[in-house]
Each structure stands twice: as structure tokens, then as C-alpha cells.
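This briefing is meant to be read beside the sequence and the model shown below. It begins with the cysteines and then turns to the overall make-up, the cores, the charged pairs, one helix and some individual loop positions.

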Amino acid sequence: MFRRNNMLREDLRNIAIIAHVDHGKTTLVDQMLRQSGTFRENQVVQDRVMDSGDLEKERGITILSKNTAVIHNGKKINIIDTPGHADFGGEVERVLKMVNGVVLVVDAFEGPMPQTKFVLKKAFDLNLPVIVCINKIDRPEARPVQVVDEVLDLFIELGAEDEALEAPFIFASAKKGYASNQATIEKDNMDDLFDAIVEHIPAPESNEDEPLQLLISTIDYNDYVGRIGIGKIERGTIKNGQEAVLVNKLHPEMQRKVKIGKLYEFIGLDKVETNEQKGGAIVAVTGIEDISIGDTIADSECPEALDFVKISEPTISMNFIVNDSPFAGREGKFVTSRQIRTRLEKELQSNVSLRVEETDSTDAFKVSGRGELHLSVLVETMRREDYELQLSKPQVLFKTDENGKKLEPMEKVTVDVSEQFVGAVIDKLSRRKAELQEMKENSAGYSRLVFKMPARGLIGYRGEFMTDTHGEGIINSSFLGYEPYKGEIPTRTTGSLIAFETGVASSYGLNIAQGRGILFIGPQTEVYEGMVVGENPKGLDIEVNVTKKKQMTNTRAAGSDDAIRLSPPRVLSLEEALEFIEDDELIEVTPKSIRIRKKILDTNKRYKSKNTKK
């Protein structure tokens, strides 16, 4: 082992921006880029420039961590913008290995939320210094003084050292582009934040004369150069074309000679080619096939692997199945099990919280992830890449303890709702085995409810929650651990309206069907036998003939369909469909459509199967 010389790179700072979802991390990074001169004065730049993926822009959330860098007063600040949603916690955990400190962003109205606690605990576990940025202080209902106290309470709850309790607080409006050391003073730039980073975040160690060690924390991909490994140089110097060894702490038997292709550093939003980088720098490396997260690029003479952070285990799974519906292959380009398997294997290379297992069927794969959103984002991405597949109902992953007792994943669920909806939320969650742990009211007429409940109780609830709270409620959850099984939870109380035959839905047929419930489709939609076309509030599955046309007895009657008034259909998103389906149903996902269907399409066979089970 080599002893460190503790030389510091005073010209460099490596930070991660961490926060609860929607507290303004990405907007803050936008402003840091703008004010550091990254963009030309006349350059047109979209908002949330760091959220580069289509899904990220549409949903307004960060899914993948992003690397960027700014220059402030001659010092380079490498910035990693991390996801805030619990389902992408795997991204947060690994990128923190690359930095020497974090900026914790907290909403000046909402205060610390469940994911704030999650990401802050990860930073404390790695002994990273913290700068707290109270964001959105321009909100009319902002309460920065109380939020500072709440953040300090959270520090104490997480067992922070005395030194951590002296963390600097910065008050910002990322939207207006300013940061200030004092909540009451509005400035016209972000300099106070930049200065706090340079002053309070330690410079990385250089140790440029020691043997090379570079831990790969993120994988990028480019059609021209293939896989790109991104990580921080822990020690030594790396050069273009250098011979090295690829090693991995978890697989000590793996030692592979490699040659560095091209070396890049981050400047603004770009990767810029560089010939050489010393310890402490965050770099991107090409030319190494099959490089994976957790690998260490090491000196050939001293192949020592670095420890890699343990990634949280998945808690939910569903089957990805080859589409075998009557409309299979019409809209998608990639439809075979071989194509789906290849795509899932590619996803595993960069999505560290994902697990893929073979099943008894060659046409189905069990895919496990951190939550419904984690898996639905993967499905939505595949859909946009022209894949076609079917999905089963999400299931939680149970465990057994040493005594053979069944254990299930538990979640801490935090709900912020108007006082008028408190009763409905407590009632619904209690039925799903939730235990109310805490209830607080604030001056704005909102109540915060904290529950402990089984993860399976959340499946199918979020849509119901938005209806019960008239779209105003906020619900967040974070994984607590495994506890003994809590017993049966009532499932969906509504039934399905099922198409009786294949054809095209008519206004006449839909008008008759809408008397039985809420429709998911409109006129001229192609349907097949066994496809779910609506929801029956009475809880029974009912076959309906939505393709039925009115018998025309004379020419005048032909136009009478014009008088039919159909209610607008309830078009389900992918998440809503995942929440809706039951065990005997599947979701058919294609680039153009999301359909719900029964596993057994034939009406007679379905009834026989039900009677056999009874």
C-alpha cells in the first residue's frame, strides 16, 4: 500500500447537488452555468438545461445524474446534478463517491422532506461536508427561518458531528438567479454560493506521483466510441493511450489489461478532450470494452481495486413479456424475446439498482427495481426506442427470516394535504395497513401526516390519492427496511369492462357501454376480444360489445348516431395502468399505444379458468 502525500488540488472542487424531488436542484445548476460564463451572451438556452432526456423534460424530474463544470475566480468546480426521487437513489449513492462535499437544496416552504433525509444520510455516511441552500425564498409563503431550524433538527436526528452542525446556510432563488448569506438580503448574482463552495468544500487530494486509481461511478454511451466510463481519479495521473489494468473489489479474480482510448474532462455542458489529468479530477474515459460501474482503472504495476458503495436492493418486480396480443408486431420494431433480453442486459450496465432474472418461460423476464417509477421510466424509454412488450402487475419482493417468518418491505410515507382531506387520506391508508406515526399542522392550512406502511399498500394508491385530494396533495415515500408480513390488504374495488369481440369501437356501442362504467377508449379505436376498455364501479368484470353498430332500417335513421353524447374517455398513463391492473391482467405497451388486456383473451376460456379456481 502507498502512503498519501496529501497534496491538495486548490484549483479544483468536486461537489454534488442533492435534494428532495422538485426542490430546485436542476434550476440552481442552470443558474450556476449561466453566471459562470458557460454560455455566450447571445446564446439561447432552454430552462433546466441539465435535464437532457425527453422523459426528464416532460416529467420535470431528474432521472440520471449529470456531470458539468464551471469556472469561478480561476477555480474549476465540478458539479454533479443528482436525481431527487427515491426510485433513483442508486444514482445518488454511487455519484457521491466522486465528490468531496455536497450542496443540500431545501425548499423554503416545504422544508426537509423524506428524500432530503435519504440523500443527507448518504452524504453523512461518506463523511462529506454539507452546504445548505434554502431555495425558493421568493415564494410568497416561504418560511426560511423555520426551515433552517428543521434542517438542523434533521442533522441532529441523523447523528451529525458537531462540525456538521456548523454548516453554512445560503438563501437562494434559483428562479431569479441569486444567492445570499442572509435571508433578508436579495442580491443580483450567485457569488455567495460560489464563495461558500470554494471556502467550505475541501480541495481533492492530488497524489499525482502515486500509482493510478480511478473508480468508475457512472457509465455513458456514445454510438461512435461505445461505452464511456466516468469517475474521479483517487490518486496518480492518467494519460491518453496509457496501459492500465481493470480490477473490481467485488470480483478479485478479475484483472484485465486495458488501454485508455481518449480522455475527457468536463467544461460546461461539454466533454472536452484532454491529454493528461492528475488526482482529484473527474474524467471520462473511452476505449475500454465492457467497462462497468464499480470497476477501478489501476496502474499495471499496482493493481489495487477501490471499495464501491453498496447499492440499495430492489423492492418491487414485474414481468416483461413478449407481446402475444392480436395486435402484436403492428406498431413496434423490436418484439422478440432475444431483442428484449439484449435491451435489458444493456440497461443493467448503467442502471445499478435494477435486477433481471430468467423465468420458467423463455418469453418472460422478471425485472426488479426500486419502485413503480423506476420500472415505468425504463418501460417508457424502451417504448420510445420502438420496443413492444407486455407487463404484469407489479409485486413487492418478500423475504424470510432465519425462523422462516415472511418479511415484507416497509415504507415511510409522508403526505402533505389540505386539512379538509386529512380524514379521507387516513381512512384509505389505514385500510392498506398504514400506521399513523405523526401529524403536524402548519400556518398555511396544510397538514403533514407521516405513516409507516407496507410497500405493497402503495401499489395502486397514488391515482386514488390524487382523486381524493383533488390533485392538491403531495405524497412521498422512502424505504425503511423489512418487517414481518402485515396481513392481507384489500385490492382494487372496481371491475373491468372487457371487449366482447374484435373490431372497431363505434359511438353506438360505446354509448351503451358507458352506462356500465367509465370508458378508456373513444370511437374508431381498434379493439380485440379480451381487451379492457373501461372500469366498472360495481366491482364486477363485465363483457361489453363496443363494436356494435345501430341497425339501419331506413336511410333517415343512418344519421341518428350524430345525436349520441359520449363522455370523454379516461386515457390512462403507463403509471396509472400499472396501478389499475389486477393479477389476471396485463399491459400491452407499444410505441403508439398502451392497452390493458386480460391474460386469457377468450371469454369462454376465461370463465372456465375462473370456475376451475373456485
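C133 has a relative accessibility of 0% and therefore counts as buried. C302, at 10% relative accessibility, is likewise placed in the buried class, and the count of disulfides in the structure comes to 0. The model is a predicted one, and the points that follow should be read with that in mind.

**Overall make-up**

- The protein contains 14 helices and 35 strands, and of its 614 residues 54% are buried.
- Among the contacts in the protein with a separation of 6 or more, 72% are made by residues that stand 24 or more positions apart.
- The area that the protein exposes is about 28,500 Å², and 47% of this area is supplied by carbon and sulfur atoms.

**Nonpolar cores**

- The largest nonpolar core has 39 residues, and within this core I134 and F155 are the members that touch the most others.
- When residues up to four places away in sequence are left aside, I134 touches V106, A108, P144, V147, V148, V151, F169, I170, F171 and A172.
- A second core, separate from the largest one, is made up of 30 residues, including I316, F320, L391 and L578.

**Salt bridges**

- In total, the structure holds 34 salt bridges, of which a few are described here.
- R13 and E10 form a salt bridge in which the closest N and O atoms are 3.4 Å apart; R13 is buried at 4% relative accessibility, whereas E10 is partly exposed, its relative accessible area being 41%.
- R139 and E141 form another salt bridge, with 3.0 Å between the closest N and O atoms; here R139 is partly exposed with a relative accessible area of 24%, and E141 is also partly exposed, with a value of 34%.
- D468 and K428 meet through their side chains in a salt bridge with an N to O distance of 2.8 Å. Because D468 belongs to helix α11 (residues 462-468) and K428 to helix α10 (residues 422-431), this pair ties together parts that lie 40 residues apart in sequence.
- D468 has a relative accessibility of 19% and counts as buried, and K428 is buried with a relative accessible area of 19%; buried means under 20%, so each value falls within that class.
- Through salt bridges that share partners, D107, K136, R139 and E141 are joined into one network.

**Helix α10 and its surroundings**

- The buried residues of α10 are V422, V425, K428 and L429. They span an arc of only 140° around the axis, and so they are on the same side of α10.
- These buried residues of α10 pack against the strands β24 (406-418), β25 (435-441) and β26 (446-454), and also against helix α11.
- K433, which comes just after α10, adopts a positive phi of about 70°.

**Loop positions**

- T315 is found in the loop that runs between β17 (295-298) and β18 (316-321), and T315 is buried, with a relative accessible area of 5%.
- Leaving aside residues up to four places away in sequence, T315 touches G369, R370, Q395, V396, L397, P409, F479 and Y482.
- D290, which sits in the loop between β16 (282-285) and β17, has a phi near 60°, a positive value in a residue that is not glycine. D290 is exposed, its relative accessible area being 52%.
- D386 is another residue other than glycine with a positive phi, in this case of about 80°, and D386 lies in the loop between α9 (372-384) and β21 (389-391). The relative accessible area of D386 is 31%, and D386 is therefore partly exposed.

Note on methods: Residues numbered from 1 in each chain as written. Heavy atoms only, no water. Core = buried A, V, L, I, M, F, W, Y, C linked by side-chain atoms within 4.5 Å. Buried < 20%, exposed > 50% of the residue type's maximum accessible area, 1.4 Å probe, protein only. Contact = heavy atoms within 4.5 Å. Salt bridge = Lys/Arg side-chain N within 4 Å of Asp/Glu carboxyl O. Helix = DSSP H or I, 4+ residues; strand = E, 2+ residues; numbered from the N terminus. Disulfide = S-S within 2.5 Å. Areas by Shrake-Rupley, 256 points an atom, 1.4 Å probe, with all protein chains shown as cover. Arc of directions from axis to C-beta.
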